[in-house]
Amino acid sequence: MTAPLTFSPEVAEARASGAPIVALESTIITHGMPFPQNVETAIKVEAAVREAGAVPATIAVMGGRIHVGLSAEELDRLGQAKDVMKLSRADMAACLVGGRTGATTVAATMIAAHLAGIEVFATGGIGGVHRGAETSFDISADLQELAATPVTVVAAGAKAILDLPKTLEVLETLGVPVIAVGQDDLPAFWSRASGLKAPLRMDDPADIAASHVMRARLGLPGGQLIANPIPATDEIPREVIMPVVEQALAEAARGGISAKAVTPFLLDRLFTLTGGQSLQANIALVLNNARLAARIAAGIARTRAQESH
Ligand code: PSU
Ligand code: MN
């Protein structure tokens, strides 16, 4: 008995030939961005991966199967669907058994990618330790997944709606390498700087690929978190975004928003409060991450090809 995976023709061909593949999540489509920008972005992200020399594999659960690689028609349907489950590790089996439609978060996308033999995944920002976690206990399952599942995740750091120092502490405890690209500072999603130094730095995608392969040789479980700053032209400086983040957090607290609803609520409020600027930044950083992920995937594919000689 094996996992119920369905591959798109493009992904099936890449798997057969050992071509580099980049996994992409679907929660960003269903819960992270409004329609129609969500679908437009998903298509642009896939194109960015292809232009950079890899094959995109957007992942979602539909009709009792984990789909690895979606058609344009499937992307469009997902982008407009109501009642889509937000899937983390805990929800995947129930969604599959119930025949429901589910969008994969970072954690669930890592699980599906690993089942499909895909080692690199690009997203916007990972989930992390929420502010007030000392009383709410709200810590994203994404962090534990990074500790358990050997997929390199390219993100623009963790969202500034989170408690970034606590997120770094948990990642350190879990043994997850956090690697900043091109700068010492941990990026903070909409802003390039967080004011916190990332534990590790690598500027060359080939080094990130080599380090992924080295972790496998060492028998270390878990993945790497690659923290890729948003391009300077698209960033919202920290002084500008932080007051808006504080306002959205206060609204969430007043509204009693909890559990899975927190991240989508905050992203939606920021979109409105910034007049759409947060969404433009989000789109730019995901595209930037997709391009870097493709280069890392190519580096890993080269190394794997050499190993098999
Ligand atoms: N990055 C984005 N937009 C998103 C997310 C990440 O740019 O919507 C999603 C991811 O799927 C991530 C999830 O795994 O938010 C985290 O949710 P939570 O905090 O409930 O674990
Ligand atoms: Mn949570």
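Me: In this predicted model, at what angle do the axes of helix α3 and helix α13 cross, and within what distance do they come?

Reply: The axes of α3 (residues 37–51) and α13 (residues 277–307) cross at roughly 25° and come within 8 Å.

Me: Why is α3 called roughly parallel to α13?

Reply: Angles under 35 degrees count as roughly parallel, and this pair crosses at roughly 25°. That is why α3 goes down as roughly parallel to α13. The crossing is also right-handed.

Me: Which residues make the contact between α3 and α13?

Reply: On the α3 side you have Gln-37, Thr-41, Lys-44, Val-45, Ala-48 and Val-49. On the α13 side there are Leu-279, Ile-283, Val-286, Leu-287, Ala-290, Arg-291 and Ala-294.

Me: How does the contact of α3 with α13 divide by class, and what makes a residue charged here?

Reply: Nine are nonpolar, two polar and two charged. Asp, Glu, Lys and Arg count as charged, so Lys-44 of α3 and Arg-291 of α13 fall in that class.

Me: What makes the space of about 130 Å³ a cavity?

Reply: In a cavity, a 1.4 Å probe fits but cannot get out. The structure holds two cavities of 30 Å³ or more, and the largest has a volume of about 130 Å³. Of its 14 lining residues, Glu-25, Ile-28, Ala-42, Val-45 and Val-286 are the closest to its centre. Val-45 and Val-286 also take part in the contact between α3 and α13. Helix α3 gives the most to this lining, with four residues.

Me: Why does the lining of the second largest cavity count two polar residues?

Reply: That lining is Gly-157, Ala-158, Leu-164, Thr-167, Leu-168, Leu-171, Val-178, Leu-186 and Leu-225. Ala, Val and Leu count as nonpolar, while Gly is put with the polar ones. Gly-157 and Thr-167 are therefore the two polar residues, beside seven nonpolar and no charged ones. About 40 Å³ of space lies in this cavity, and helix α9 (residues 164–173) gives the most to its lining, with four residues.

Me: What makes a pocket something other than a cavity, and what volume does the largest pocket have?

Reply: A pocket is an open set of points, whereas from a cavity the probe cannot get out. The largest pocket holds about 500 Å³ of space. Closest to its centre, of 30 lining residues, are Lys-86, Thr-105, Ser-140, Asp-142 and Thr-263. By class, its lining has 11 nonpolar, 13 polar and six charged residues.

Me: Which helix gives the most to the lining of the second largest pocket?

Reply: That's α13, with five residues. This pocket has a volume of about 270 Å³.

Conventions. Residues numbered from 1 in each chain as written. Chains lettered and ligands numbered in written order. Predicted model: local features only at pLDDT ≥ 70, side-chain atom pairs only at ≥ 80, totals over all residues. Heavy atoms only, no water. Axes fitted to C-alpha atoms, helices over the stretch in contact; angles between N-to-C directions. Helix = DSSP H or I, 4+ residues; strand = E, 2+ residues; numbered from the N terminus. Parallel < 35°, antiparallel > 145°, perpendicular 65-115°, else oblique. Left-handed = near helix turned anticlockwise from the far one by under 90°. Contact = heavy atoms within 4.5 Å. 1 Å grid on protein atoms, 1.4 Å probe; cavity = no way out; pocket = protein on both sides within 12 Å on 5 of 7 lines; lining within 4 Å. Points joined across faces, edges and corners; volume = space filled by probe spheres on them.
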